[in-house]
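Here is a short report on one protein model and its ligand. Keep the structure open while reading.

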Amino acid sequence: MPHTPPPATGEANFPHHLVGLSGIASGDIQRILGLAGTYRRLTDQPDKKTDRLKGRTVINLFLESSTRTRTSFELAGKRLSADVINVNASASAMSKGETWLDTVRTLEALSPDALVIRHPHSGAPHLAARELGGRCAILNAGDGLHEHPTQALLDIFTIQEQKGPIAGRKVAIVGDIAHSRVARSQIHALHALEAAEIRLVAPKTLLPADAAAALGVDVYHDADAGLAGADVIIMLRMQMERMRGALVPSQREYFRLYGLDPARVARAAEDVLVMHPGPMNRGVEIASEVADGPYSVILPQVTNGLAIRMAVLDILAGGDPQ
Ligand code: NCD
(Lines give C-alpha, C1' and ligand atoms only; values in the text may rest on other atoms or scores of the structure.)
Protein backbone atom coordinates (compact mmCIF):
# COMPACT_ATOMS: atom_id res chain seq x y z
CA MET A 1 0.00 0.00 0.00
CA PRO A 2 1.55 3.40 -0.95
CA HIS A 3 2.41 5.67 1.96
CA THR A 4 3.47 9.24 2.28
CA PRO A 5 7.10 9.50 3.37
CA PRO A 6 7.64 11.44 6.58
CA PRO A 7 8.43 15.13 6.11
CA ALA A 8 12.13 15.68 5.37
CA THR A 9 13.94 17.61 8.07
CA GLY A 10 16.73 18.59 5.68
CA GLU A 11 19.24 17.84 8.41
CA ALA A 12 21.55 15.75 6.20
CA ASN A 13 23.43 18.93 5.31
CA PHE A 14 25.27 17.02 2.59
CA PRO A 15 27.87 17.61 1.08
CA HIS A 16 29.24 19.66 3.99
CA HIS A 17 28.41 17.03 6.59
CA LEU A 18 26.65 13.66 6.75
CA VAL A 19 24.68 13.63 9.98
CA GLY A 20 21.70 11.70 8.65
CA LEU A 21 19.78 10.68 5.56
CA SER A 22 16.59 12.53 6.44
CA GLY A 23 16.10 15.07 3.67
CA ILE A 24 19.01 13.89 1.50
CA ALA A 25 18.27 14.08 -2.24
CA SER A 26 18.19 10.82 -4.20
CA GLY A 27 20.78 12.36 -6.55
CA ASP A 28 23.17 12.76 -3.61
CA ILE A 29 22.63 9.14 -2.60
CA GLN A 30 23.33 8.03 -6.18
CA ARG A 31 26.48 10.16 -6.27
CA ILE A 32 27.81 8.42 -3.14
CA LEU A 33 26.85 4.97 -4.48
CA GLY A 34 28.48 5.69 -7.84
CA LEU A 35 31.78 6.67 -6.27
CA ALA A 36 31.53 3.71 -3.88
CA GLY A 37 31.31 1.47 -6.97
CA THR A 38 34.70 2.77 -8.10
CA TYR A 39 36.20 2.18 -4.64
CA ARG A 40 34.60 -1.26 -4.43
CA ARG A 41 36.51 -2.26 -7.58
CA LEU A 42 39.72 -0.85 -6.08
CA THR A 43 39.26 -3.23 -3.11
CA ASP A 44 39.80 -6.16 -5.50
CA GLN A 45 43.07 -4.78 -6.89
CA PRO A 46 46.48 -5.82 -5.55
CA ASP A 47 47.25 -2.14 -4.79
CA LYS A 48 44.21 -0.93 -2.84
CA LYS A 49 45.33 2.62 -2.15
CA THR A 50 44.81 5.97 -3.81
CA ASP A 51 46.31 9.30 -2.78
CA ARG A 52 42.98 11.12 -3.01
CA LEU A 53 43.15 12.36 0.62
CA LYS A 54 46.94 12.70 0.87
CA GLY A 55 47.72 15.52 3.27
CA ARG A 56 44.20 15.45 4.76
CA THR A 57 43.42 14.38 8.33
CA VAL A 58 40.54 12.23 9.56
CA ILE A 59 39.79 11.84 13.28
CA ASN A 60 37.54 8.99 14.42
CA LEU A 61 35.91 9.82 17.75
CA PHE A 62 34.07 6.73 19.01
CA LEU A 63 32.25 6.96 22.31
CA GLU A 64 30.54 3.58 21.95
CA SER A 65 31.89 0.14 21.15
CA SER A 66 32.15 -0.80 17.49
CA THR A 67 33.89 -3.43 15.38
CA ARG A 68 32.67 -2.99 11.80
CA THR A 69 32.08 0.73 11.63
CA ARG A 70 35.27 1.81 13.37
CA THR A 71 37.64 -0.50 11.48
CA SER A 72 35.89 0.33 8.25
CA PHE A 73 36.21 4.12 8.72
CA GLU A 74 39.84 3.72 9.79
CA LEU A 75 40.73 1.56 6.81
CA ALA A 76 38.77 3.83 4.45
CA GLY A 77 40.82 6.84 5.55
CA LYS A 78 44.06 4.89 5.18
CA ARG A 79 43.16 3.55 1.73
CA LEU A 80 42.62 7.17 0.67
CA SER A 81 46.07 8.06 2.13
CA ALA A 82 44.71 10.42 4.79
CA ASP A 83 46.36 10.67 8.20
CA VAL A 84 43.93 8.83 10.47
CA ILE A 85 43.72 9.19 14.23
CA ASN A 86 41.40 7.17 16.47
CA VAL A 87 40.16 8.51 19.78
CA ASN A 88 38.04 6.40 22.10
CA ALA A 89 36.11 7.57 25.12
CA SER A 90 37.86 5.63 27.87
CA ALA A 91 41.28 6.81 26.69
CA SER A 92 40.25 10.43 26.13
CA ALA A 93 40.05 13.39 28.50
CA MET A 94 36.26 12.88 28.63
CA SER A 95 37.05 10.26 31.28
CA LYS A 96 38.54 13.18 33.28
CA GLY A 97 35.35 15.22 33.11
CA GLU A 98 35.92 17.24 29.94
CA THR A 99 32.61 18.02 28.25
CA TRP A 100 31.64 16.64 24.86
CA LEU A 101 31.84 20.02 23.19
CA ASP A 102 35.23 20.82 24.72
CA THR A 103 36.56 17.49 23.41
CA VAL A 104 35.19 18.26 19.95
CA ARG A 105 36.61 21.81 19.98
CA THR A 106 39.99 20.47 21.13
CA LEU A 107 40.14 17.96 18.29
CA GLU A 108 39.01 20.62 15.85
CA ALA A 109 41.96 22.80 16.90
CA LEU A 110 44.20 20.15 15.28
CA SER A 111 42.67 21.11 11.90
CA PRO A 112 41.18 17.79 10.81
CA ASP A 113 39.33 17.72 7.50
CA ALA A 114 36.78 15.20 8.81
CA LEU A 115 35.59 14.17 12.24
CA VAL A 116 33.79 10.81 12.36
CA ILE A 117 31.58 10.58 15.44
CA ARG A 118 29.84 7.70 17.20
CA HIS A 119 27.97 8.80 20.29
CA PRO A 120 25.36 7.21 22.60
CA HIS A 121 23.21 10.35 22.52
CA SER A 122 20.97 11.22 19.59
CA GLY A 123 21.93 14.56 18.06
CA ALA A 124 25.59 14.67 19.19
CA PRO A 125 27.05 14.85 15.63
CA HIS A 126 24.45 17.48 14.77
CA LEU A 127 25.53 19.60 17.72
CA ALA A 128 29.20 19.21 16.73
CA ALA A 129 28.42 20.27 13.15
CA ARG A 130 26.63 23.37 14.39
CA GLU A 131 29.24 24.24 17.00
CA LEU A 132 32.25 23.93 14.70
CA GLY A 133 30.73 26.27 12.16
CA GLY A 134 31.63 24.15 9.12
CA ARG A 135 35.39 24.18 9.56
CA CYS A 136 35.58 20.40 9.29
CA ALA A 137 33.18 17.82 7.89
CA ILE A 138 31.18 15.85 10.47
CA LEU A 139 30.26 12.26 9.67
CA ASN A 140 27.76 10.46 11.85
CA ALA A 141 28.88 6.87 12.59
CA GLY A 142 25.76 6.21 14.71
CA ASP A 143 24.14 8.50 17.31
CA GLY A 144 21.85 7.05 19.97
CA LEU A 145 18.52 6.02 18.48
CA HIS A 146 18.73 8.62 15.74
CA GLU A 147 20.66 7.72 12.55
CA HIS A 148 23.51 5.65 11.13
CA PRO A 149 23.73 6.98 7.57
CA THR A 150 26.76 5.08 6.26
CA GLN A 151 25.25 1.75 7.39
CA ALA A 152 22.06 2.47 5.44
CA LEU A 153 24.09 3.57 2.39
CA LEU A 154 26.10 0.34 2.40
CA ASP A 155 22.88 -1.63 2.71
CA ILE A 156 21.39 0.19 -0.28
CA PHE A 157 24.63 -0.31 -2.24
CA THR A 158 24.48 -4.06 -1.48
CA ILE A 159 20.82 -4.35 -2.55
CA GLN A 160 21.48 -2.48 -5.81
CA GLU A 161 24.65 -4.49 -6.49
CA GLN A 162 22.69 -7.75 -6.17
CA LYS A 163 19.29 -6.77 -7.56
CA GLY A 164 19.47 -3.50 -9.46
CA PRO A 165 17.42 -0.40 -8.58
CA ILE A 166 15.55 -0.19 -5.28
CA ALA A 167 12.48 1.29 -6.99
CA GLY A 168 9.67 -1.27 -6.99
CA ARG A 169 11.28 -3.53 -4.36
CA LYS A 170 9.61 -4.81 -1.19
CA VAL A 171 11.90 -4.49 1.80
CA ALA A 172 11.07 -5.98 5.22
CA ILE A 173 12.95 -4.74 8.29
CA VAL A 174 12.48 -7.17 11.16
CA GLY A 175 13.16 -6.87 14.88
CA ASP A 176 14.02 -4.14 17.33
CA ILE A 177 13.14 -1.12 15.23
CA ALA A 178 12.36 1.10 18.23
CA HIS A 179 16.03 1.18 19.27
CA SER A 180 17.56 1.05 15.80
CA ARG A 181 19.28 4.06 14.27
CA VAL A 182 20.11 1.75 11.34
CA ALA A 183 16.40 1.21 10.58
CA ARG A 184 15.69 4.95 10.74
CA SER A 185 18.42 5.75 8.19
CA GLN A 186 17.35 2.83 5.99
CA ILE A 187 13.76 4.08 5.95
CA HIS A 188 14.88 7.56 4.79
CA ALA A 189 17.05 6.08 2.03
CA LEU A 190 14.37 3.61 0.89
CA HIS A 191 11.83 6.43 0.64
CA ALA A 192 14.28 8.62 -1.29
CA LEU A 193 14.89 5.79 -3.80
CA GLU A 194 11.19 4.93 -4.05
CA ALA A 195 11.05 1.39 -2.69
CA ALA A 196 7.59 -0.07 -3.43
CA GLU A 197 7.01 -1.26 0.13
CA ILE A 198 8.82 -0.69 3.37
CA ARG A 199 7.53 -3.18 5.92
CA LEU A 200 8.39 -3.05 9.59
CA VAL A 201 7.92 -6.44 11.22
CA ALA A 202 8.01 -6.44 15.02
CA PRO A 203 5.98 -6.73 18.20
CA LYS A 204 4.38 -3.47 19.38
CA THR A 205 6.94 -3.17 22.17
CA LEU A 206 9.80 -2.97 19.64
CA LEU A 207 8.25 -0.36 17.36
CA PRO A 208 8.28 3.42 17.71
CA ALA A 209 4.91 4.93 18.61
CA ASP A 210 2.64 5.45 15.62
CA ALA A 211 5.28 3.96 13.28
CA ALA A 212 3.08 3.56 10.18
CA ALA A 213 2.05 7.21 10.00
CA ALA A 214 5.21 8.74 11.47
CA LEU A 215 7.57 6.81 9.18
CA GLY A 216 5.35 6.21 6.15
CA VAL A 217 5.66 2.40 6.28
CA ASP A 218 3.53 -0.74 6.57
CA VAL A 219 3.57 -2.37 10.00
CA TYR A 220 3.21 -6.13 10.57
CA HIS A 221 3.08 -7.87 13.92
CA ASP A 222 2.88 -11.26 12.22
CA ALA A 223 6.28 -12.24 10.82
CA ASP A 224 4.96 -14.77 8.28
CA ALA A 225 2.67 -12.15 6.77
CA GLY A 226 5.36 -9.46 6.84
CA LEU A 227 7.88 -11.63 5.00
CA ALA A 228 5.52 -12.92 2.30
CA GLY A 229 6.96 -12.02 -1.12
CA ALA A 230 9.69 -9.73 0.32
CA ASP A 231 12.65 -9.05 -2.00
CA VAL A 232 14.93 -8.08 0.87
CA ILE A 233 14.85 -9.06 4.55
CA ILE A 234 16.90 -6.95 6.95
CA MET A 235 17.22 -8.49 10.42
CA LEU A 236 18.05 -6.38 13.45
CA ARG A 237 19.57 -7.28 16.80
CA MET A 238 17.67 -6.69 20.04
CA GLN A 239 19.58 -3.71 21.36
CA MET A 240 19.33 -4.53 25.07
CA GLU A 241 21.78 -1.80 26.07
CA ARG A 242 19.31 0.80 24.77
CA MET A 243 16.18 -0.75 26.35
CA ARG A 244 14.59 0.17 29.62
CA GLY A 245 13.26 -3.09 31.02
CA ALA A 246 12.41 -6.34 29.24
CA LEU A 247 10.36 -5.74 26.08
CA VAL A 248 9.99 -9.37 24.98
CA PRO A 249 8.90 -12.34 27.13
CA SER A 250 12.03 -14.47 26.46
CA GLN A 251 14.63 -14.92 23.74
CA ARG A 252 13.19 -18.34 22.96
CA GLU A 253 9.71 -16.96 22.53
CA TYR A 254 11.07 -14.08 20.47
CA PHE A 255 12.84 -16.46 18.08
CA ARG A 256 9.66 -18.53 17.72
CA LEU A 257 7.63 -15.45 16.77
CA TYR A 258 10.14 -13.30 14.85
CA GLY A 259 13.36 -15.28 14.32
CA LEU A 260 14.48 -15.86 10.74
CA ASP A 261 14.66 -19.58 10.07
CA PRO A 262 14.61 -21.41 6.71
CA ALA A 263 10.81 -21.80 6.80
CA ARG A 264 10.33 -18.04 7.08
CA VAL A 265 12.91 -17.34 4.34
CA ALA A 266 10.86 -19.66 2.10
CA ARG A 267 7.88 -17.29 2.40
CA ALA A 268 9.84 -14.44 0.78
CA ALA A 269 10.69 -13.96 -2.93
CA GLU A 270 12.65 -16.90 -4.29
CA ASP A 271 15.77 -14.78 -4.84
CA VAL A 272 15.42 -12.93 -1.53
CA LEU A 273 18.44 -11.19 0.02
CA VAL A 274 19.02 -11.72 3.74
CA MET A 275 20.86 -8.85 5.41
CA HIS A 276 22.00 -7.88 8.90
CA PRO A 277 24.02 -4.83 9.94
CA GLY A 278 25.75 -6.84 12.70
CA PRO A 279 26.52 -7.61 15.39
CA MET A 280 24.31 -10.71 15.03
CA ASN A 281 22.87 -12.72 17.85
CA ARG A 282 22.61 -16.18 16.35
CA GLY A 283 19.59 -18.11 17.60
CA VAL A 284 17.92 -14.93 18.89
CA GLU A 285 16.90 -13.07 15.71
CA ILE A 286 18.49 -15.29 13.05
CA ALA A 287 19.26 -19.01 12.69
CA SER A 288 22.84 -19.90 11.82
CA GLU A 289 21.70 -21.86 8.76
CA VAL A 290 20.18 -18.64 7.40
CA ALA A 291 23.03 -16.32 8.42
CA ASP A 292 25.52 -18.62 6.68
CA GLY A 293 23.12 -19.76 3.96
CA PRO A 294 22.81 -19.07 0.24
CA TYR A 295 20.62 -15.95 0.49
CA SER A 296 22.80 -14.17 3.03
CA VAL A 297 24.85 -11.13 1.99
CA ILE A 298 25.95 -10.27 5.51
CA LEU A 299 29.68 -10.42 4.76
CA PRO A 300 29.40 -8.59 1.39
CA GLN A 301 27.69 -5.82 3.40
CA VAL A 302 30.90 -5.45 5.41
CA THR A 303 33.06 -5.38 2.26
CA ASN A 304 30.79 -2.77 0.70
CA GLY A 305 30.87 -0.68 3.87
CA LEU A 306 34.53 0.07 3.26
CA ALA A 307 33.76 1.37 -0.24
CA ILE A 308 30.88 3.52 1.04
CA ARG A 309 33.06 5.07 3.75
CA MET A 310 35.80 5.78 1.21
CA ALA A 311 33.21 7.50 -0.98
CA VAL A 312 31.77 9.72 1.75
CA LEU A 313 35.21 10.63 3.09
CA ASP A 314 36.33 11.48 -0.45
CA ILE A 315 33.33 13.76 -1.04
CA LEU A 316 33.29 15.42 2.39
CA ALA A 317 37.01 15.73 3.09
CA GLY A 318 38.42 15.79 -0.43
CA GLY A 319 37.16 19.17 -1.56
CA ASP A 320 38.79 22.52 -0.94
CA PRO A 321 39.18 23.05 2.81
CA GLN A 322 36.05 24.86 4.10
C1 NCD B 1 24.64 -1.14 14.52
C2 NCD B 1 24.79 0.07 15.39
O3 NCD B 1 25.78 0.25 16.10
O4 NCD B 1 23.86 0.86 15.33
N5 NCD B 1 25.80 -1.81 14.18
C6 NCD B 1 26.62 -1.34 13.18
O7 NCD B 1 27.09 -0.24 13.22
N8 NCD B 1 26.87 -2.17 12.16
C9 NCD B 1 23.55 -2.03 14.91
C10 NCD B 1 23.50 -2.58 16.32
O11 NCD B 1 24.15 -2.09 17.23
O12 NCD B 1 22.75 -3.55 16.49
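The sections below cover the sheets, the helices, the ligand site and the backbone. The model is predicted.

## The four-stranded sheet

One open sheet has 4 strands, in the order β2-β1-β3-β4. Its pairing is parallel. Two strands stand at the edges: β2 (83-88) and β4 (137-143). Each has a single partner strand, so one side of each is left without a neighbour in the sheet. Neighbouring strands here are turned by 15 degrees against each other on average, with direction ignored.

Strand β1 covers residues 57-62. It runs parallel to β2, and 6 bridges join the two. Within this pair, Val58 has Val84 of β2 as its bridge partner.

## Helices on the four-stranded sheet

Helix α3 spans residues 100-108. It lies across β1, β2 and β3 (114-119). Its direction is at about 160 degrees to β1. Helix α4 (residues 124-131) also packs on the sheet, where it touches β3 and β4. The directions of α4 and β4 make about 165 degrees.

## The five-stranded sheet

An open sheet of 5 strands follows the order β7-β6-β5-β8-β9. The pairing is parallel. At the edges are β7 (218-220) and β9, each of which pairs on one side only. Neighbouring strands of this sheet are turned by 20 degrees against each other on average, direction ignored.

Strand β5 (residues 170-174) runs parallel to β6, and 5 bridges join them. Lys170 stands opposite Glu197 of β6. Helix α5 packs on this sheet and touches β8 (232-235) and β9. The direction of α5 makes about 160 degrees with that of β9.

## The α5 and α12 crossing

Helix α5 covers residues 149-163, and helix α12 covers residues 298-317. Their axes come within 8 Å and cross at roughly 120 degrees. The crossing is right-handed.

Which residues meet here? From α5 come Thr150, Gln151, Leu153, Leu154, Asp155, Phe157, Thr158 and Glu161. From α12 come Pro300, Gln301, Asn304, Gly305, Ile308, Arg309 and Val312.

## The ligand site

The residues around the ligand are Thr69, Arg118, His148, Gln151, Arg181, Val182, Arg237, Gln239, Pro277, Gly278 and Pro279. Gln151 is also among the α5 residues that meet α12. Arg118 falls within the residue range of β3 (114-119).

Three side chains bring polar atoms to the ligand. In Gln151, a side-chain N or O atom is 3.2 Å from a nitrogen atom of the ligand. In Arg181, a side-chain N or O atom is 2.7 Å from a ligand oxygen atom. Arg237 has a polar side-chain atom 2.7 Å from an oxygen atom of the ligand. How much of the ligand does the protein cover? The ligand has 320 Å² of accessible area on its own, and the protein covers 94% of it.

## Backbone details

Is the peptide bond from Gly278 to Pro279 cis or trans? It is cis, with omega near -10 degrees. Pro279 lies in the loop between β9 (273-275) and α11 (288-291). Both Gly278 and Pro279 are among the residues around the ligand.

Glu194 is not a glycine, yet it has a positive phi of about 60 degrees. Glu194 sits in the loop between α6 (181-192) and β6 (197-201).

Technical notes
Residues are numbered from 1 along each chain as its sequence is written. This is a predicted model: local features need pLDDT of at least 70, side-chain atom pairs count only at pLDDT 80 or more; totals for chains, interfaces and linings use all residues. Side-chain values use heavy atoms; hydrogens and water are left out. Two strands pair if DSSP finds at least two bridges between them. Axes are lines fitted to C-alpha atoms, for helices over the stretch in contact, and angles run from 0 to 180 degrees between N-to-C directions. Contact means heavy atoms within 4.5 Å. A residue is near a molecule or strand if one of its heavy atoms lies within 4 Å of it. A polar contact is a pair of N or O atoms within 3.5 Å; within protein, one must be able to donate a hydrogen and the other to accept it, and residues adjacent in sequence count only if both atoms are side-chain atoms. Accessible areas come from the Shrake-Rupley method with a 1.4 Å probe; for residues, only the protein chains shown count as cover. A crossing is left-handed if the near helix is turned anticlockwise from the far one by less than a right angle, and right-handed if clockwise.
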